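Please look over the sequence and the model shown below. The paragraphs after it explain how the parts of the chain are arranged.

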Amino acid sequence: MIFGNPHRHFRATDSTNERAKELAMAAAPGGLVVTADEQAAGRGRRGSAWFGPPGACLLYSALLRPFDAERARLLPLA
C-alpha cells in the first residue's frame with residue numbers, strides 16, 4: 001500500500017473523514033489520502049469539534065486496508 005495513491009483534494013469540506021468514509025464505501029483502495037484547504041465540521045477525539053480555516057492547519061484523512069480494529073485504535077496517537 002502506498003499512501004497518497006489515490007489522492008483526493010477538496011477546496012472546502014465539512015470533514016475529510018466523512019469524504020474518506022464515503023470513498024471507502026465506494027470501494028476506494030487502501031492508501032487513499034483525502035486532503036482539504038478548509039474544513040468546517042470535523043470531529044476530534046472525544047467528540048470535540050474540529051475546524052480548519054484556509055491556510056491554518058494540515059487537514060487530511062487516510063484510508064487503511066485491510067482494517068485491523070485493534071491496531072487502528074492507536075493511530076490517532078501516532
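What follows goes through confidence, strands, helix, salt bridges and unusual backbone geometry.

The model is predicted. Averaged over the chain, pLDDT is 85, and 90% of the residues reach at least 70. Confidence varies by element: strand E1 has the highest mean pLDDT, 95, while helix H2, residues 69-72, has the lowest, 71. Where pLDDT is low, predicted coordinates should not be read in detail.

The strands come next. E1 covers residues 7-13, E2 residues 33-43 and E4 residues 59-62, while E3 covers residues 49-52. E1 and E2 are paired in the parallel sense over six bridges. Within E2, Gln39 is the residue opposite Thr13. Between these two strands the chain passes through H1, and this β-α-β crossover is right-handed.

E2 also pairs with E4, here in the antiparallel sense and over four bridges. Thr35 stands opposite Tyr60 of E4. With E3, E2 is joined by three bridges, and the two strands run antiparallel. Ala49 in E3 is the bridge partner of Arg43. E2 and E3 form a hairpin with five residues between them. One residue of that turn, Arg46, has a positive phi of about 60°.

Helix H1 spans residues 16-25, and Thr16, Glu18, Arg19 and Ala20 in it are buried. Which strands do the buried residues of H1 pack against? They pack against E1, E2 and E4.

The N-terminal end of H1 is capped by Ser15, which places a side-chain oxygen 3.2 Å from the backbone nitrogen of Asn17. Ser15 itself belongs to the loop between E1 and H1. Is Ser15 buried or exposed? Its relative accessibility is 3%, so Ser15 counts as buried, the cut-off being under 20%. Leaving aside residues up to four places away in sequence, Ser15 touches Gln39, Ala41 and Gly42.

Salt bridges also involve residues of H1. The count of salt bridges comes to three. One of them links Arg19 to Asp14, with the closest N and O atoms 2.1 Å apart. Arg19 also forms a salt bridge with Glu22, and here the closest N and O atoms are 2.7 Å apart. Arg19 and Glu22 both lie in H1, three residues apart, about one turn of the helix. Through shared partners, the salt bridges join Asp14, Arg19 and Glu22 into one network.

The members of this network have these accessibilities. Arg19 has a relative accessible area of 14% and is therefore buried. Asp14, with a relative accessible area of 33%, is partly exposed. Glu22 also counts as partly exposed, at 45% relative accessibility.

Another salt bridge connects the side chains of Glu18 and Lys21, at 3.3 Å from N to O. Because Glu18 and Lys21 are three residues apart in helix H1, about one helical turn separates them. Lys21 is partly exposed, at 43% relative accessibility, whereas Glu18 is among the buried residues of the helix.

Two places in the backbone remain. Most residues other than glycine have a negative phi, and most peptide bonds are trans. Ala27, just after H1, takes a positive phi of about 75°. Ala27 sits in the loop between H1 and E2. Is Ala27 buried or exposed? Ala27 has a relative accessible area of 64%, so this residue is exposed.

The other place is the peptide bond from Asn5 to Pro6, which is cis, with omega near 5°. Asn5 lies in the segment before E1, and Pro6 is found in that segment before E1 as well. Asn5 is exposed because its relative accessible area is 51%, the cut-off being over 50%.

Which residues does Asn5 touch, not counting those up to four places away in sequence? Asn5 touches Gly30, Gly31 and Leu32. For Asn5 and Gly31, 26 residues apart in sequence, the distance in space is 5.7 Å from C-alpha to C-alpha.

Methods
Residues are numbered from 1 along each chain as its sequence is written. This is a predicted model: local features need pLDDT of at least 70, side-chain atom pairs count only at pLDDT 80 or more; totals for chains, interfaces and linings use all residues. Side-chain values use heavy atoms; hydrogens and water are left out. Buried means under 20% relative accessible area, exposed over 50%, partly exposed in between (1.4 Å probe, protein chains only). Contact means heavy atoms within 4.5 Å. A polar contact is a pair of N or O atoms within 3.5 Å; within protein, one must be able to donate a hydrogen and the other to accept it, and residues adjacent in sequence count only if both atoms are side-chain atoms. Two strands pair if DSSP finds at least two bridges between them. A crossover is right-handed if, with the strands pointing away from the viewer, the path from the first strand over the helix to the second runs clockwise. pLDDT is the predictor's confidence in each residue, from 0 to 100. A salt bridge is a side-chain nitrogen of Lys or Arg within 4 Å of a carboxyl oxygen of Asp or Glu.
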